[in-house]
Amino acid sequence: MRGQNLQLDEQGRLKHLLTIEGLKRQQIVDILDIAESFISVGDQQVRKVPLLRGKTVVNLFFEASTRTLTTFELAAKRLSADVLKININTSATVKGESLLDMLHNLEAMQCDMFVVRHSDSGAAHLISQHVAPHVSVINAGDGRHAHPTQALLDMFTIRRRKGEFAPLTVAIVGDIMHSRVARSQIHALTTLGVNEVRVVAPKTLIPAQVESLGVHVYHDMKAGLRDADVIIMLRLQKERMRGAMLPSEQEYFQSYGLTRDKLAMARPDAIVMHPGPINRGVEIDSEIADGPQSVILEQVSNGIAVRMAVMSMVLGRPPAENAPAEAPAKGSAQGEAS
Amino acid sequence: MRLSILGGRVIDPANGIDRITDLHIASGKVLAVGEAPAGFEAGRVIDARGQVVCPGLVDLQARLREPGQENKATIASETRAAARAGITTLVCPPDTDPVTDTPAVVDLIRHRATQAGFARVVSLGALTKNLQGEQLAEMSALKNAGCVGVSNAHHAIASTEVMRRAMEYAANQDMPVFLHAQDPWLAAGGCAHEGMVSVRLGLPGIPEAAETIAVARELHLIEQTGVRAHFCQLSSERAVNMIARAQHDGLPVSADVAAHQLFLTEMDIGFFDSHCHVQPPLRTQRDRDGLREALRRGSISAICSDHQPLDRDAKLAPFPSSEPGISGLETLLVLTLRLVDEGLLSLPQAIACISQGPAGIIGLSAGLGVGERADICIFDPEQYWELGAEGMASQGKNSPFLGWEFKGRVTHTLLAGRLSFSSESL
């Protein structure tokens with residue numbers, strides 16, 4: 001199993017989505033293109049396409065989530081799948097059942113897809129190694145490792161706003177050390193060939209050898225934002241704002257909070273992103289979060305289309321082959337970019 | 001039993017022997033090397049032509065899981081696996097359940113090993129009561145019960161004062177202290193080397209400094225207390241360089257390395273292969289090369305298995321939640337032999353690292369000289385075989401080397417002149 005890319009089948013097609021790492025550029029572009037074709041489903045009178053009719057999707061969330069869980073559920077329902085949500089707090093794992101035993105029991109109920117969130121890095125990989133051959137696994141965030149659909153929806157949002165990836169300078173600001181979102185974004189951005197990916201944070205929140213991922217490290221926020229086209233702010237966990245990681249929320253905001261004067265260092269047309277939920281006044285000033293350069297709510301809407309695209313692809317029925325007549329045609333990202 | 005081993009390549013690093021000759025054994029001891037004494041009649045003859053005859057292997061670190069965790073393994077199951085791997089002496093760390101901090105536990109372990117009859121098991125006693133790092137264990141009683149050293153296993157002693165007093169007391173008892181150098185705060189929550197792989201996989205990292213800082217602290221205390229100290233399973237190049245420097249300065253320190261650390265690196269974790277979850281973690285290629293170089297120049301004098309048999313479920317969890325450890329008895333010899341094929345060590349040097357070297361650290365002899373105890377390993381150096389879970393004798397099948405092809409297979413093991421393993425009986 002060592003070194004094997006578990007998420008592709010023998011033909012190199014997406015079987016699971018566990019991480020962005022190892023995906024080819026074209027595979028990412030395909031996902032974004034298919035997401036583009038789903039974007040208008042939400043605007044239709046009947047917000048459903050029958051691509052996953054008869055399929056059962058299980059949302060297996062071992063960690064609290066509102067936004068990701070809801071958008072996965074909505075995405076599955078818009079694809080006409082039956083959706084189960086397992087409440088882990090009251091489930092058998094609390095009673096001592098192992099993760100894999102629980103999984104096999106669910107499998108025995110003829111499920112087709114597990115959407116997994118777990119606090120341990122590698123949980124989705126482990127599950128994908130032990131599910132039945134017909135079952136797909138989508139990683140909805142594992143430990144500090146990966147959150148691939150979040151990164152994909154971020155790429156989708158960037159492409160819609162900026163068009164080409166190649167000329168862009170992207171700054172990711174905040175807790176890089178503990179962020180699965182940042183890791184997936186870095187893999188996606190470098191694979192898509194952006195000009196420069198920067199990570200901006202105090203040394204306590206930058207993991208050792210992060211440069212090996214192909215990023216440039218900045219500890220000075222203004223320097224890190226200079227001429228940036230895209231600014232991605234990361235959520236800061238409250239528990240890291242005390243003790244050994246950071247002295248206080250106030251000091252963090254002063255140095256690394258996105259304010260008008262710091263934003264002024266970036267390009268005038270720079271967009272501001274955040275995977276949410278936002279700590280206003282800690283990572284970002286409300287004035288910026290709600291300002292004209294913010295695309296934060298757009299990210300949330302785009303999340304549904306991107307998750308629909310991924311779910312339809314891993315179950316092997318991309319809309320190009322099976323889309324119903326009412327489903328929109330594959331959109332052109334270039335054409336829609338503003 | 002009188003026994004002759006004929007025509008083998010006898011390699012005995014302790015006595016500087018490396019030649020094709022015969023060995024004759026009586027009353028559990030080596031009676032003669034070369035010609036049999038007049039009137040000697042062997043009750044059994046082993047034809048060792050084409051094979052290597054060497055001292056039985058001594059493994060400085062093997063967890064047998066008994067007492068306390070018999071669901072993972074037992075003394076009987078693991079000593080049987082040891083015999084099949086040419087090992088005749090196993091050193092058992094004190095983190096048993098109950099902890100080896102009383103003579104009763106030492107006696108129990110020895111009794112069970114004697115009952116099983118496959119290998120000798122010697123204990124390390126606890127350095128502090130219940131390994132809690134607060135009150136000194138009764139080291140004198142433990143020594144009288146047969147403990148060959150004292151250790152706090154993987155339980156860090158937070159208080160430098162307690163560590164100093166423990167070392168002083170151990171020095172007073174003339175007992176070597178076995179140290180697992182890892183700063184508990186820097187390592188807390190980590191499961192992989194802090195570096196390229198941990199950043200990529202988002203695994204909480206254990207920095208190299210967790211080891212080097214602890215080694216530095218212990219070296220200062222060793223210098224002050226004059227205790228004999230042995231560093232267990234070092235993992236970083238910097239740490240072994242610090243040990244080499246201390247040895248150069250005349251400090252009474254030795255060190256060992258786990259066999260897997262000489263072959264695997266952080267890269268072997270791949271996509272979360274929990275079989276590569278070990279403590280200390282697999283580090284960089286540079287560290288691996290540094291460990292090899294330390295072995296070659298002699299600042300590391302022993303290779304151990306760091307045997308930790310686990311049940312199947314222990315590795316069936318996401319990497320950070322899986323239990324660390326490798327079932328290592330059955331790969332100790334063959335991994336060491338691989339260092340010979342790779343040109344790092346000569347065959348006698350390699351054998352010394354798993355016999356004479358570790359034996360010296362616990363105050364035993366491991367030689368085949370006349371009158372010495374006939375603990376002997378005979379192996380075919382040219383036989384190829386593949387490690388498979390079903391073929392492992394250990395109850396723990398948790399090995400990252402499953403599927404590897406190895407060269408060199410044990411055919412006979414003698415424990416005090418008695419066959420504890422023979423491939424003929426398989």
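This report covers confidence, nonpolar cores, ring contacts and salt bridges in a predicted model.

Local features need pLDDT of at least 70, side-chain atom pairs count only at pLDDT 80 or more, and totals for chains, interfaces and linings use all residues. Residues are numbered from 1 along each chain as its sequence is written, chains are lettered from A and ligands numbered from 1 in the order in which they are written, and side-chain values use heavy atoms, without hydrogens and water.

**Confidence.** pLDDT is the predictor's confidence in each residue, from 0 to 100. Chain A has a mean pLDDT of 88, and 88% of its residues reach 70 or more. Residues 318-338 of chain A fall below 50; this stretch still has 39 contacts in the model beyond near neighbours in sequence. Contact means heavy atoms within 4.5 Å.

**Cores.** A nonpolar core joins buried Ala, Val, Leu, Ile, Met, Phe, Trp, Tyr and Cys residues through side-chain atoms within 4.5 Å. Buried means under 20% relative accessible area, exposed over 50%, partly exposed in between (1.4 Å probe, protein chains only). The largest core has 104 residues; B:I222, B:F231, B:L295, B:I303 and B:F379 touch the most other members. Helix α10 (residues 332-341) of chain B gives the most to this core, with 6 residues. Helices are DSSP runs (H or I, at least four residues), strands likewise (E, at least two), numbered from the N terminus. A separate second core of 92 residues includes A:A151, A:M155, A:F165 and A:A182.

**Rings.** Rings of Phe, Tyr and Trp (its six-membered ring) pair if their centres lie within 6.5 Å; planes under 30 degrees apart are stacked, over 60 edge-to-face, the rest tilted. The count is 5 aromatic pairs over all chains. B:F401 sits edge-to-face with B:W404, at 4.7 Å centre to centre and 90° between the planes. B:F401 also pairs edge-to-face with B:F406, at 6.4 Å and 65°. B:F401 is buried at 0%, and B:F406 is buried at 1%. Ring pairs link B:W385, B:F401, B:W404 and B:F406 into a cluster.

**Salt bridges.** A salt bridge is a side-chain nitrogen of Lys or Arg within 4 Å of a carboxyl oxygen of Asp or Glu. The structure holds 37 over all chains. Three follow.

| Acid | Base | N to O |
|---|---|---|
| A:E196 | A:R198 | 3.2 Å |
| A:D290 | A:R280 | 2.9 Å |
| B:D47 | B:R49 | 2.6 Å |

A:D290 lies in the loop between α10 and α11 of chain A and A:R280 in the loop between β9 and α10, so the pair ties together parts 10 residues apart in sequence. A:E196 is buried at 15%, whereas A:D290 is exposed at 55%.
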